[in-house]
Amino acid sequence: MGDKIGIGDSRDSISTRKRKASPQNSVDQKLRVYIWDMDETLILLKSLLNRTYAEAFNGLKDVEKGVEIGEQWEKYILQVCDAYFFYEQIENCNAPFLDAFSQYDDGQDLSNYNFSEDGFSPPRDDINKRKLAYRHRMIAQQYKKGLHGILGQDMIKFLDDLYDGTDSYTDRWLSSAQTCLGQCSGRNKELTSNADSADGMSDSPTKFEHVNILVTSGSLIPSLVKCLLFRLDNLITYKNVYSSWEVGKLQCFSWIKERFTGLNVEFCVIGDGWEECEAAQAMRWPFVKIDIQPGGCHRFPGLTLRTLNHYFSVVYGDSDAKKEDE
């Protein structure tokens with residue numbers, strides 16, 4: 001486990017983000033916040049590596065092929081983390097979100113900054129907290145560039161082929177999850193590449209506004225890289241990615257509630273694990289349980305915005321959900 005973030009650091013950053021993120025909700029407008037788990041929800045990885053996904057099909061899936069696919073993803077996730085996101089330097093300094101140390105960032109121009117020779121060590125003092133904040137700022141810039149802005153064409157082609165092969169092997173789990181995520185962001189089926197619009201609400205003049213949040217039990221930097229490699233970065237910005245690795249999902253949910261305040265804000269949690277289920281129950285939010293088993297009640301393909309609207313209706317008594325389906 002890495003060095004833990006001081007609670008004061010995170011609270012200060014949340015307060016700043018709250019001022020920037022809270023929408024101006026009118027009486028006839030509602031904000032819906034979709035809080036997603038990552039692994040075995042929006043993507044499949046662990047279940048490929050431990051064979052549980054393929055074995056659930058009782059011989060219909062090539063188990064070893066699934067393991068091979070998972071190992072390739074692991075390899076390239078780590079490779080991109082180390083090459084472009086300072087992971088070797090900050091692996092043991094996990095933060096719950098990328099702005100956790102933003103108050104230590106003095107805004108220095110980092111164009112010619114030498115990250116390999118600045119003497120960075122675990123952030124137990126303000127000097128190293130500032131150096132960590134510099135790295136986080138650069139990571140945010142890399143994330144906003146997208147894969148096409150940081151990788152060569154040969155690697156892009158390889159990752160595209162790996163994605164398509166994984167999507168085919170998993171019966172379109174990845175692309176179906178991406179489509180559902182796009183629907184939850186208030187977009188048309190034709191997804192755009194404007195990362196900034198994913199940070200907040202839809203521009204469409206509807207009764208509902210939407211935002212997608214990712215709360216993953218994995219560490220932060222690999223989770224951001226997964227978003228890039230699995231084509232989720234145009235739907236979830238870096239500011240909306242949280243790691244519950246050390247603080248727990250209930251704490252992350254509490255921070256998210258602080259960010260998006262107002263009488264007309266509704267939350268829904270979608271994931272496969274017990275921790276997000278218990279945290280959602282503690283917050284009195286609806287929880288949609290993802291099941292990777294074939295024929296499972298909620299999985300991809302299958303889960304749609306209509307289904308999620310039903311959960312909103314059950315908990316919030318929202319009679320307008322049908323309008324959102326149309």
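Here are two short exercises on this predicted model, each with a worked solution.

Before you start: residues are numbered from 1 along each chain as its sequence is written. Local features need pLDDT of at least 70 and side-chain atom pairs count only at pLDDT 80 or more, while totals for chains, interfaces and linings use all residues, and side-chain values use heavy atoms, with hydrogens and water left out.

**Exercise 1.** Work out where glutamate 40 lies and which residues it touches.

*Solution.* Start with the location: glutamate 40 lies in the loop between strand S1 (30–36) and helix H2 (46–49). Strands (E, at least two residues) and helices (H or I, at least four) are DSSP runs, numbered from the N terminus.

Next, check its surroundings. Glutamate 40 is buried, meaning under 20% relative accessible area with a 1.4 Å probe, protein chains only. Its side chain reaches the backbone nitrogen of leucine 45 at 2.9 Å.

Finally, list contacts (heavy atoms within 4.5 Å). Leaving out residues up to four places away in sequence, glutamate 40 touches Leu45, Lys46, Ser47, Trp173, Asp272, Ile290 and Ile292.

**Exercise 2.** Find out how glutamate 40 stands with regard to salt bridges.

*Solution.* First, the rule: a salt bridge is a side-chain nitrogen of Lys or Arg within 4 Å of a carboxyl oxygen of Asp or Glu.

Now look for a partner. The nearest side chain of opposite charge belongs to lysine 46, and it's 6.5 Å away. Glutamate 40 has no salt bridge, even though it's buried.

To zoom out, 55% of the protein's 326 residues count as buried, and the protein has 14 helices and five strands.

Terms used: Buried means under 20% relative accessible area, exposed over 50%, partly exposed in between (1.4 Å probe, protein chains only). Lys and Arg count as positive and Asp and Glu as negative; His and the chain ends are not counted. A polar contact is a pair of N or O atoms within 3.5 Å; within protein, one must be able to donate a hydrogen and the other to accept it, and residues adjacent in sequence count only if both atoms are side-chain atoms.
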